[in-house]
Amino acid sequence: MTPEDVRTIQDARQIVEARELTHVKVGVTDIDGILRGKYMSREKFFSSLEKGFGFCDVVLGWDSNDQLYDNTRYTGWHTGYPDAAVRIVPHTCRDIPFEPGMLFFLAEFDEARPAPCPRGVLRRVLDRARAMGFEAMAGLEYEYFVFEETPHSVREKSYRNLVPMDPGFFGYSVIRNTVRAEYYQETLDLCRRMRMPIEGLHEETGPGVLEAAIEVSDALEAADRGVLFKTFIKVHAQRQGRMATFMAKWNPELPGQSGHIHVSLKDANTGKPVFFDAGAEHRMSATMRHFVAGQHALMPEWLGMVASTVNAYSRLVPGFWAPTNATWGVENRTAALRVIPGSEKSQRVEYRIAAADANPYLALAVALASGLYGIENRLALGKPVTGNAYDQKFPARTALPGTLWEAAQRLRGSKAARDWFGDDFVEHFAATREWEERQFRRHVTDWELNRYFEII
(Lines give C-alpha, C1' and ligand atoms only; values in the text may rest on other atoms or scores of the structure.)
Protein backbone atom coordinates (compact mmCIF):
# COMPACT_ATOMS: atom_id res chain seq x y z
CA MET A 1 0.00 0.00 0.00
CA THR A 2 1.18 3.53 -0.84
CA PRO A 3 0.02 6.80 0.74
CA GLU A 4 -2.03 7.47 -2.39
CA ASP A 5 -4.05 4.31 -1.68
CA VAL A 6 -5.08 5.48 1.80
CA ARG A 7 -8.72 6.52 1.82
CA THR A 8 -10.21 5.22 5.06
CA ILE A 9 -9.35 4.92 8.75
CA GLN A 10 -8.61 1.24 8.21
CA ASP A 11 -6.26 2.06 5.34
CA ALA A 12 -4.38 4.50 7.57
CA ARG A 13 -3.96 1.84 10.27
CA GLN A 14 -2.82 -0.70 7.70
CA ILE A 15 -0.07 1.45 6.16
CA VAL A 16 1.30 2.43 9.58
CA GLU A 17 1.34 -1.22 10.65
CA ALA A 18 2.94 -2.34 7.39
CA ARG A 19 5.75 0.16 7.85
CA GLU A 20 6.15 -0.76 11.51
CA LEU A 21 6.21 2.90 12.47
CA THR A 22 6.50 3.84 16.12
CA HIS A 23 5.38 7.43 15.42
CA VAL A 24 3.45 9.36 12.78
CA LYS A 25 3.52 13.08 12.02
CA VAL A 26 0.26 15.09 11.99
CA GLY A 27 -0.41 18.75 11.32
CA VAL A 28 -3.22 21.32 11.29
CA THR A 29 -3.17 24.84 9.87
CA ASP A 30 -3.60 27.97 11.92
CA ILE A 31 -5.43 31.10 10.80
CA ASP A 32 -2.43 32.27 8.73
CA GLY A 33 -2.13 28.92 6.94
CA ILE A 34 0.96 27.83 8.87
CA LEU A 35 1.19 24.10 9.54
CA ARG A 36 1.36 23.37 13.26
CA GLY A 37 1.95 19.74 14.16
CA LYS A 38 3.77 17.05 16.10
CA TYR A 39 4.93 13.46 16.16
CA MET A 40 2.25 11.16 17.55
CA SER A 41 2.86 7.66 18.90
CA ARG A 42 1.44 4.77 16.92
CA GLU A 43 -1.04 3.90 19.68
CA LYS A 44 -2.20 7.50 20.05
CA PHE A 45 -2.53 7.78 16.28
CA PHE A 46 -4.73 4.69 16.04
CA SER A 47 -6.95 5.98 18.84
CA SER A 48 -7.13 9.42 17.22
CA LEU A 49 -8.20 7.98 13.89
CA GLU A 50 -11.34 6.65 15.59
CA LYS A 51 -12.04 9.26 18.25
CA GLY A 52 -10.06 12.36 17.30
CA PHE A 53 -7.62 14.00 19.66
CA GLY A 54 -7.18 17.21 21.60
CA PHE A 55 -4.98 19.99 20.21
CA CYS A 56 -4.44 23.14 22.25
CA ASP A 57 -6.66 25.76 20.66
CA VAL A 58 -3.94 28.38 21.15
CA VAL A 59 -2.97 27.66 17.53
CA LEU A 60 -6.18 29.49 16.61
CA GLY A 61 -5.52 32.12 19.25
CA TRP A 62 -2.09 33.41 18.30
CA ASP A 63 -0.47 35.07 15.33
CA SER A 64 2.27 33.88 12.99
CA ASN A 65 4.84 34.91 15.59
CA ASP A 66 3.14 32.96 18.42
CA GLN A 67 1.88 36.17 20.05
CA LEU A 68 -1.49 35.79 21.75
CA TYR A 69 -4.47 37.73 20.41
CA ASP A 70 -6.05 40.01 22.99
CA ASN A 71 -9.23 40.76 21.04
CA THR A 72 -10.83 37.44 20.09
CA ARG A 73 -13.77 35.66 21.69
CA TYR A 74 -13.13 32.11 20.50
CA THR A 75 -10.15 31.52 22.75
CA GLY A 76 -7.82 33.46 25.01
CA TRP A 77 -6.87 33.89 28.63
CA HIS A 78 -10.61 34.11 29.36
CA THR A 79 -11.09 30.51 28.20
CA GLY A 80 -7.81 29.11 29.55
CA TYR A 81 -6.71 27.83 26.12
CA PRO A 82 -8.36 24.39 26.36
CA ASP A 83 -7.86 21.53 23.95
CA ALA A 84 -10.05 21.61 20.87
CA ALA A 85 -11.22 18.42 19.17
CA VAL A 86 -9.26 17.61 16.02
CA ARG A 87 -9.89 14.85 13.52
CA ILE A 88 -7.28 13.23 11.28
CA VAL A 89 -8.12 13.16 7.57
CA PRO A 90 -6.93 9.72 6.32
CA HIS A 91 -6.81 10.48 2.60
CA THR A 92 -4.29 13.29 3.13
CA CYS A 93 -1.58 10.72 3.92
CA ARG A 94 1.82 11.62 2.47
CA ASP A 95 5.36 10.31 2.48
CA ILE A 96 7.97 12.70 3.84
CA PRO A 97 10.97 12.10 1.55
CA PHE A 98 13.40 13.62 4.09
CA GLU A 99 12.36 11.03 6.71
CA PRO A 100 12.41 7.56 5.11
CA GLY A 101 9.24 5.65 5.91
CA MET A 102 7.67 8.52 7.88
CA LEU A 103 4.06 9.39 7.11
CA PHE A 104 2.34 12.76 7.42
CA PHE A 105 -1.41 13.34 7.83
CA LEU A 106 -3.33 16.60 7.73
CA ALA A 107 -5.99 17.20 10.34
CA GLU A 108 -8.76 19.73 10.90
CA PHE A 109 -10.58 21.12 13.90
CA ASP A 110 -13.86 19.41 14.68
CA GLU A 111 -16.99 21.50 14.46
CA ALA A 112 -18.63 20.19 17.63
CA ARG A 113 -17.42 23.40 19.24
CA PRO A 114 -17.50 26.08 16.52
CA ALA A 115 -13.87 26.58 15.63
CA PRO A 116 -12.53 29.04 13.05
CA CYS A 117 -10.83 26.18 11.22
CA PRO A 118 -9.55 27.29 7.79
CA ARG A 119 -9.91 23.83 6.23
CA GLY A 120 -13.42 23.60 7.65
CA VAL A 121 -14.34 26.96 6.11
CA LEU A 122 -13.40 25.72 2.65
CA ARG A 123 -15.06 22.36 3.16
CA ARG A 124 -18.34 24.05 4.09
CA VAL A 125 -18.15 26.21 0.95
CA LEU A 126 -17.66 23.05 -1.12
CA ASP A 127 -20.58 21.34 0.64
CA ARG A 128 -22.78 24.28 -0.31
CA ALA A 129 -21.49 24.17 -3.87
CA ARG A 130 -22.43 20.49 -4.00
CA ALA A 131 -25.91 21.30 -2.74
CA MET A 132 -26.15 23.78 -5.62
CA GLY A 133 -25.21 20.98 -8.04
CA PHE A 134 -21.52 21.82 -8.55
CA GLU A 135 -18.11 20.30 -7.91
CA ALA A 136 -15.18 22.70 -7.87
CA MET A 137 -11.78 22.21 -9.46
CA ALA A 138 -8.73 24.34 -8.72
CA GLY A 139 -5.04 24.76 -9.42
CA LEU A 140 -2.75 27.02 -7.38
CA GLU A 141 0.30 28.91 -8.64
CA TYR A 142 2.95 30.29 -6.30
CA GLU A 143 5.83 32.68 -6.73
CA TYR A 144 8.62 32.48 -4.15
CA PHE A 145 12.13 33.82 -3.66
CA VAL A 146 15.07 31.58 -2.78
CA PHE A 147 18.12 32.93 -0.95
CA GLU A 148 21.59 31.68 -0.11
CA GLU A 149 20.80 32.33 3.53
CA THR A 150 19.82 30.49 6.69
CA PRO A 151 17.40 31.32 9.54
CA HIS A 152 20.44 32.45 11.50
CA SER A 153 22.09 34.53 8.77
CA VAL A 154 18.95 36.53 7.91
CA ARG A 155 18.59 37.53 11.54
CA GLU A 156 22.26 38.41 11.88
CA LYS A 157 21.86 40.64 8.81
CA SER A 158 18.56 42.09 10.09
CA TYR A 159 17.07 40.92 6.77
CA ARG A 160 19.27 43.33 4.78
CA ASN A 161 21.72 42.62 1.97
CA LEU A 162 20.36 39.14 1.46
CA VAL A 163 21.98 37.03 -1.24
CA PRO A 164 19.48 35.58 -3.74
CA MET A 165 20.05 32.14 -5.21
CA ASP A 166 20.72 33.86 -8.55
CA PRO A 167 21.22 37.55 -9.40
CA GLY A 168 19.42 39.78 -11.87
CA PHE A 169 16.20 39.58 -13.85
CA PHE A 170 16.03 36.50 -16.04
CA GLY A 171 12.42 35.31 -16.44
CA TYR A 172 11.87 31.88 -18.00
CA SER A 173 15.63 31.38 -18.16
CA VAL A 174 16.83 28.09 -19.62
CA ILE A 175 20.32 28.98 -18.45
CA ARG A 176 19.20 29.30 -14.84
CA ASN A 177 17.11 26.14 -14.75
CA THR A 178 19.94 24.17 -16.37
CA VAL A 179 22.74 25.50 -14.19
CA ARG A 180 20.47 24.86 -11.19
CA ALA A 181 19.15 21.61 -12.62
CA GLU A 182 19.74 19.66 -9.42
CA TYR A 183 17.68 22.10 -7.35
CA TYR A 184 14.88 22.15 -9.93
CA GLN A 185 14.86 18.36 -10.27
CA GLU A 186 14.83 17.88 -6.51
CA THR A 187 11.88 20.28 -6.26
CA LEU A 188 9.97 18.43 -8.97
CA ASP A 189 10.75 15.07 -7.36
CA LEU A 190 9.76 16.27 -3.89
CA CYS A 191 6.41 17.51 -5.17
CA ARG A 192 5.77 14.32 -7.13
CA ARG A 193 6.54 12.13 -4.13
CA MET A 194 4.35 14.22 -1.83
CA ARG A 195 1.44 14.11 -4.28
CA MET A 196 1.43 17.79 -5.19
CA PRO A 197 2.74 17.37 -8.76
CA ILE A 198 4.08 20.43 -10.54
CA GLU A 199 2.70 21.28 -13.97
CA GLY A 200 5.23 24.03 -14.61
CA LEU A 201 8.30 25.38 -12.79
CA HIS A 202 10.33 28.30 -14.08
CA GLU A 203 12.45 31.32 -13.19
CA GLU A 204 10.30 34.40 -12.67
CA THR A 205 11.32 38.04 -13.15
CA GLY A 206 13.55 38.97 -10.25
CA PRO A 207 16.67 37.73 -8.47
CA GLY A 208 16.16 34.20 -7.19
CA VAL A 209 12.41 34.06 -7.76
CA LEU A 210 10.63 30.97 -9.07
CA GLU A 211 7.06 30.24 -10.03
CA ALA A 212 5.44 26.84 -9.62
CA ALA A 213 2.05 25.77 -10.96
CA ILE A 214 0.56 22.84 -9.07
CA GLU A 215 -1.56 20.45 -11.13
CA VAL A 216 -5.32 20.94 -11.03
CA SER A 217 -7.39 18.75 -8.71
CA ASP A 218 -10.62 18.92 -6.76
CA ALA A 219 -10.68 22.10 -4.70
CA LEU A 220 -10.09 20.68 -1.22
CA GLU A 221 -7.17 18.63 -2.46
CA ALA A 222 -5.82 21.73 -4.22
CA ALA A 223 -5.78 23.67 -0.95
CA ASP A 224 -4.18 20.73 0.89
CA ARG A 225 -1.50 20.72 -1.78
CA GLY A 226 -0.99 24.46 -1.39
CA VAL A 227 -0.39 24.17 2.35
CA LEU A 228 1.99 21.24 1.90
CA PHE A 229 3.81 22.93 -0.99
CA LYS A 230 4.54 26.13 0.91
CA THR A 231 5.71 24.19 3.96
CA PHE A 232 7.95 21.65 2.27
CA ILE A 233 9.47 24.03 -0.28
CA LYS A 234 10.78 25.88 2.78
CA VAL A 235 11.93 22.62 4.36
CA HIS A 236 13.74 21.61 1.18
CA ALA A 237 15.52 24.95 0.91
CA GLN A 238 16.60 25.04 4.55
CA ARG A 239 17.96 21.51 4.40
CA GLN A 240 20.25 22.79 1.63
CA GLY A 241 21.41 25.85 3.58
CA ARG A 242 19.00 28.13 1.70
CA MET A 243 15.76 29.89 2.52
CA ALA A 244 12.55 30.24 0.55
CA THR A 245 10.00 32.96 1.30
CA PHE A 246 6.39 33.40 0.22
CA MET A 247 6.27 36.90 1.71
CA ALA A 248 4.01 39.04 -0.48
CA LYS A 249 6.63 41.76 -1.04
CA TRP A 250 10.07 41.43 0.48
CA ASN A 251 11.75 44.22 -1.48
CA PRO A 252 10.11 47.51 -2.58
CA GLU A 253 12.13 47.53 -5.79
CA LEU A 254 10.97 44.09 -6.92
CA PRO A 255 7.60 42.67 -7.96
CA GLY A 256 5.52 41.09 -5.23
CA GLN A 257 4.75 37.41 -4.97
CA SER A 258 1.35 36.17 -6.00
CA GLY A 259 -0.66 33.08 -5.24
CA HIS A 260 -2.87 32.91 -8.32
CA ILE A 261 -5.91 30.62 -8.13
CA HIS A 262 -7.39 28.92 -11.21
CA VAL A 263 -10.94 27.67 -10.68
CA SER A 264 -13.74 26.04 -12.62
CA LEU A 265 -16.95 24.15 -11.88
CA LYS A 266 -18.36 20.81 -12.99
CA ASP A 267 -21.89 19.47 -12.84
CA ALA A 268 -21.96 17.36 -9.66
CA ASN A 269 -24.11 14.69 -11.28
CA THR A 270 -22.60 14.34 -14.75
CA GLY A 271 -19.05 15.60 -14.20
CA LYS A 272 -19.47 17.86 -17.22
CA PRO A 273 -17.71 21.28 -17.06
CA VAL A 274 -20.22 24.12 -16.81
CA PHE A 275 -18.09 27.16 -17.73
CA PHE A 276 -17.85 26.36 -21.45
CA ASP A 277 -20.27 27.43 -24.17
CA ALA A 278 -18.81 27.13 -27.68
CA GLY A 279 -21.30 29.61 -29.13
CA ALA A 280 -21.00 32.30 -26.47
CA GLU A 281 -18.72 35.33 -26.39
CA HIS A 282 -15.31 34.27 -25.08
CA ARG A 283 -16.90 30.80 -24.80
CA MET A 284 -18.27 31.89 -21.41
CA SER A 285 -21.46 30.08 -20.40
CA ALA A 286 -24.17 31.97 -18.54
CA THR A 287 -23.08 30.13 -15.39
CA MET A 288 -19.52 31.31 -15.82
CA ARG A 289 -20.64 34.89 -16.36
CA HIS A 290 -22.64 34.83 -13.11
CA PHE A 291 -19.65 33.25 -11.34
CA VAL A 292 -17.18 35.90 -12.49
CA ALA A 293 -19.72 38.63 -11.68
CA GLY A 294 -19.87 37.36 -8.11
CA GLN A 295 -16.10 37.30 -7.78
CA HIS A 296 -15.98 40.83 -9.15
CA ALA A 297 -18.73 42.14 -6.88
CA LEU A 298 -17.40 40.71 -3.61
CA MET A 299 -13.65 41.19 -4.11
CA PRO A 300 -13.52 44.55 -2.26
CA GLU A 301 -15.49 43.13 0.70
CA TRP A 302 -13.53 39.89 1.01
CA LEU A 303 -10.02 41.09 0.14
CA GLY A 304 -8.81 40.65 3.73
CA MET A 305 -8.97 36.87 3.35
CA VAL A 306 -6.68 36.83 0.29
CA ALA A 307 -4.45 39.77 1.22
CA SER A 308 -4.24 38.93 4.89
CA THR A 309 -0.99 40.53 6.05
CA VAL A 310 0.16 44.13 6.35
CA ASN A 311 2.86 43.31 3.84
CA ALA A 312 0.33 42.14 1.24
CA TYR A 313 -0.81 45.74 0.74
CA SER A 314 2.70 46.78 -0.28
CA ARG A 315 2.19 44.44 -3.24
CA LEU A 316 -1.11 45.98 -4.31
CA VAL A 317 0.31 48.98 -6.15
CA PRO A 318 -0.02 49.91 -9.84
CA GLY A 319 2.50 48.55 -12.28
CA PHE A 320 3.61 45.48 -10.31
CA TRP A 321 1.17 42.86 -11.66
CA ALA A 322 -1.28 43.40 -8.79
CA PRO A 323 -4.44 45.44 -9.51
CA THR A 324 -5.87 48.02 -7.11
CA ASN A 325 -9.46 47.67 -8.36
CA ALA A 326 -11.81 44.77 -8.83
CA THR A 327 -11.59 44.27 -12.59
CA TRP A 328 -12.02 41.41 -15.01
CA GLY A 329 -10.61 40.83 -18.46
CA VAL A 330 -10.14 38.15 -21.06
CA GLU A 331 -6.54 36.91 -21.18
CA ASN A 332 -5.53 40.17 -19.52
CA ARG A 333 -2.93 39.90 -16.77
CA THR A 334 -3.44 43.50 -15.65
CA ALA A 335 -6.96 42.61 -14.44
CA ALA A 336 -7.77 41.16 -11.02
CA LEU A 337 -9.79 38.39 -12.67
CA ARG A 338 -8.47 36.81 -15.85
CA VAL A 339 -10.93 34.76 -17.88
CA ILE A 340 -9.05 32.10 -19.84
CA PRO A 341 -11.05 30.85 -22.85
CA GLY A 342 -10.20 27.32 -23.83
CA SER A 343 -11.62 23.91 -24.47
CA GLU A 344 -14.50 22.46 -22.50
CA LYS A 345 -12.02 21.15 -19.91
CA SER A 346 -9.65 24.13 -19.78
CA GLN A 347 -12.12 27.05 -19.69
CA ARG A 348 -11.54 28.75 -16.33
CA VAL A 349 -11.03 31.98 -14.42
CA GLU A 350 -7.82 33.01 -12.68
CA TYR A 351 -8.23 34.86 -9.39
CA ARG A 352 -5.09 36.98 -9.62
CA ILE A 353 -5.41 39.27 -6.63
CA ALA A 354 -4.36 36.70 -4.01
CA ALA A 355 -0.90 37.04 -2.48
CA ALA A 356 1.52 34.15 -2.02
CA ASP A 357 1.35 34.59 1.75
CA ALA A 358 -2.42 33.95 1.93
CA ASN A 359 -3.84 30.91 3.69
CA PRO A 360 -4.59 28.51 0.79
CA TYR A 361 -7.84 27.30 2.35
CA LEU A 362 -9.21 30.77 2.90
CA ALA A 363 -8.02 32.20 -0.42
CA LEU A 364 -9.65 29.37 -2.32
CA ALA A 365 -12.80 29.65 -0.20
CA VAL A 366 -13.06 33.30 -1.25
CA ALA A 367 -12.43 32.61 -4.95
CA LEU A 368 -15.14 29.95 -5.00
CA ALA A 369 -17.75 31.31 -2.58
CA SER A 370 -17.83 34.73 -4.24
CA GLY A 371 -18.41 33.08 -7.61
CA LEU A 372 -21.11 30.80 -6.23
CA TYR A 373 -22.74 33.87 -4.69
CA GLY A 374 -22.90 35.31 -8.20
CA ILE A 375 -24.60 32.17 -9.49
CA GLU A 376 -27.09 32.10 -6.60
CA ASN A 377 -28.04 35.71 -7.21
CA ARG A 378 -27.74 35.56 -11.02
CA LEU A 379 -25.50 38.62 -11.04
CA ALA A 380 -24.91 40.31 -14.36
CA LEU A 381 -21.36 40.71 -15.61
CA GLY A 382 -20.33 44.01 -17.09
CA LYS A 383 -17.88 44.59 -19.90
CA PRO A 384 -14.31 43.31 -19.57
CA VAL A 385 -11.42 45.70 -19.19
CA THR A 386 -9.19 45.91 -22.25
CA GLY A 387 -5.66 47.22 -22.43
CA ASN A 388 -3.72 48.27 -19.35
CA ALA A 389 -6.07 48.21 -16.34
CA TYR A 390 -3.53 50.18 -14.29
CA ASP A 391 -3.99 53.25 -16.49
CA GLN A 392 -7.79 53.33 -16.36
CA LYS A 393 -10.35 54.77 -13.98
CA PHE A 394 -13.09 52.62 -12.49
CA PRO A 395 -16.17 53.21 -10.31
CA ALA A 396 -15.45 53.84 -6.63
CA ARG A 397 -17.33 50.68 -5.67
CA THR A 398 -14.61 48.59 -7.34
CA ALA A 399 -11.75 50.14 -5.35
CA LEU A 400 -9.96 47.62 -3.17
CA PRO A 401 -9.13 48.38 0.47
CA GLY A 402 -5.72 50.00 0.79
CA THR A 403 -4.82 48.64 4.21
CA LEU A 404 -5.36 45.49 6.20
CA TRP A 405 -7.37 47.43 8.79
CA GLU A 406 -9.76 48.69 6.13
CA ALA A 407 -10.06 45.21 4.66
CA ALA A 408 -10.94 43.79 8.08
CA GLN A 409 -13.74 46.36 8.50
CA ARG A 410 -15.11 45.58 5.03
CA LEU A 411 -15.11 41.86 5.82
CA ARG A 412 -16.77 42.31 9.21
CA GLY A 413 -19.53 44.38 7.60
CA SER A 414 -20.15 41.95 4.74
CA LYS A 415 -23.52 40.20 4.97
CA ALA A 416 -22.43 37.86 2.19
CA ALA A 417 -19.30 36.84 4.14
CA ARG A 418 -21.39 36.06 7.22
CA ASP A 419 -23.76 34.01 5.09
CA TRP A 420 -21.00 31.96 3.44
CA PHE A 421 -18.40 31.71 6.21
CA GLY A 422 -20.47 32.13 9.37
CA ASP A 423 -20.61 34.88 11.97
CA ASP A 424 -18.15 33.16 14.30
CA PHE A 425 -15.47 32.86 11.65
CA VAL A 426 -15.93 36.38 10.27
CA GLU A 427 -15.73 37.94 13.73
CA HIS A 428 -12.67 35.89 14.67
CA PHE A 429 -10.80 36.43 11.42
CA ALA A 430 -11.53 40.17 11.27
CA ALA A 431 -10.28 40.53 14.84
CA THR A 432 -7.05 38.68 13.99
CA ARG A 433 -6.43 41.05 11.08
CA GLU A 434 -7.02 44.05 13.32
CA TRP A 435 -4.48 42.58 15.72
CA GLU A 436 -1.99 42.14 12.89
CA GLU A 437 -2.37 45.77 11.86
CA ARG A 438 -1.94 46.94 15.45
CA GLN A 439 1.31 45.00 15.78
CA PHE A 440 2.62 46.83 12.73
CA ARG A 441 1.57 50.24 14.06
CA ARG A 442 3.59 49.69 17.21
CA HIS A 443 6.86 49.70 15.27
CA VAL A 444 8.97 52.44 13.71
CA THR A 445 10.14 51.53 10.21
CA ASP A 446 13.43 52.32 8.51
CA TRP A 447 11.49 54.48 6.06
CA GLU A 448 10.18 56.65 8.91
CA LEU A 449 13.63 57.05 10.42
CA ASN A 450 15.19 57.95 7.10
CA ARG A 451 12.44 60.42 6.27
CA TYR A 452 11.79 62.17 9.58
CA PHE A 453 14.69 61.75 12.03
CA GLU A 454 16.69 64.79 10.98
CA ILE A 455 14.36 66.83 8.79
CA ILE A 456 11.11 67.11 10.71
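In the predicted model, serine 414 touches Glu301 and Trp302, leaving aside residues up to four places away in sequence. Serine 414 sits in the loop that runs between α11 (404–412) and α12 (415–421). Its relative accessible area is 1%, and serine 414 is classed as buried because this value falls under 20%. Two polar contacts of the serine 414 side chain are described here. One is made with the side chain of glutamate 301, at 2.6 Å. In the other, the side chain of serine 414 reaches the backbone nitrogen of alanine 417 at 3.0 Å. Glutamate 301 is thus a residue that serine 414 touches and also a partner in a polar contact between side chains.

Strand β4 (residues 83–88) was examined next for the direction of its side chains. In a regular strand, side chains alternate between the two faces of the sheet. Along β4 the side chains of Ala84, Val86 and Ile88 point to one face and are buried, while those of Asp83, Ala85 and Arg87 point to the other face and are not buried. Strand β4 pairs with β3 (residues 53–56) in the antiparallel sense, over 4 bridges. Within this pairing, alanine 84 of β4 is the bridge partner of phenylalanine 55. Strand β4 is also joined to β6 by 3 bridges, and these two strands run antiparallel. Here isoleucine 88 stands opposite alanine 107 in β6. Both alanine 84 and isoleucine 88 belong to the buried face of β4.

The model contains 2 cavities of 30 Å³ or more. The largest has a volume of about 50 Å³. Its lining consists of Leu140, Glu141, Tyr142, Gly259, His260, Ile261, Ala355, Ala358, Asn359, Pro360 and Ala363. Two or more of these residues come from each of the elements β7 (134–147) and α10 (360–376). The largest share of this lining, 3 residues, is contributed by β7. By class, the residues are 7 nonpolar, 3 polar and 1 charged.

The second largest cavity has a volume of about 30 Å³. Gly27, Val28, Thr29, Leu35, Leu106, Ala107, Cys117, Arg119 and Tyr361 form its lining. At least two residues of this lining are supplied by each of β1 (23–29) and β6 (103–109), and the largest share, 3 residues, comes from β1. The lining divides into 6 nonpolar, 2 polar and 1 charged residues. Ala107, one of the lining residues, is the residue of β6 that stands opposite isoleucine 88.

Among the pockets, the second largest has a volume of about 870 Å³. It is lined by 40 residues, and those nearest its centre are Glu141, Glu211, His262, Arg338 and Glu350. The elements that each give two or more residues to this lining are β7, β8 (198–203), β9 (209–214), β12 (261–267), β14 (337–340) and β15 (348–351). Strand β7 provides the largest share, with 6 residues. By class, the lining of this pocket comprises 16 nonpolar, 10 polar and 14 charged residues. Strand β7 therefore gives the largest share of the lining both in the largest cavity and in the second largest pocket. Glu141 lines the largest cavity and is also one of the residues that lie nearest the centre of the second largest pocket.

Terms used. Residues numbered from 1 in each chain as written. Predicted model: local features only at pLDDT ≥ 70, side-chain atom pairs only at ≥ 80, totals over all residues. Heavy atoms only, no water. Buried < 20%, exposed > 50% of the residue type's maximum accessible area, 1.4 Å probe, protein only. Polar contact = N/O pair within 3.5 Å; in protein donor to acceptor, adjacent residues only side chain to side chain. Contact = heavy atoms within 4.5 Å. 1 Å grid on protein atoms, 1.4 Å probe; cavity = no way out; pocket = protein on both sides within 12 Å on 5 of 7 lines; lining within 4 Å. Points joined across faces, edges and corners; volume = space filled by probe spheres on them. Nonpolar A, V, L, I, M, F, W, Y, C, P; charged D, E, K, R; others polar. Pairing = 2+ DSSP bridges.
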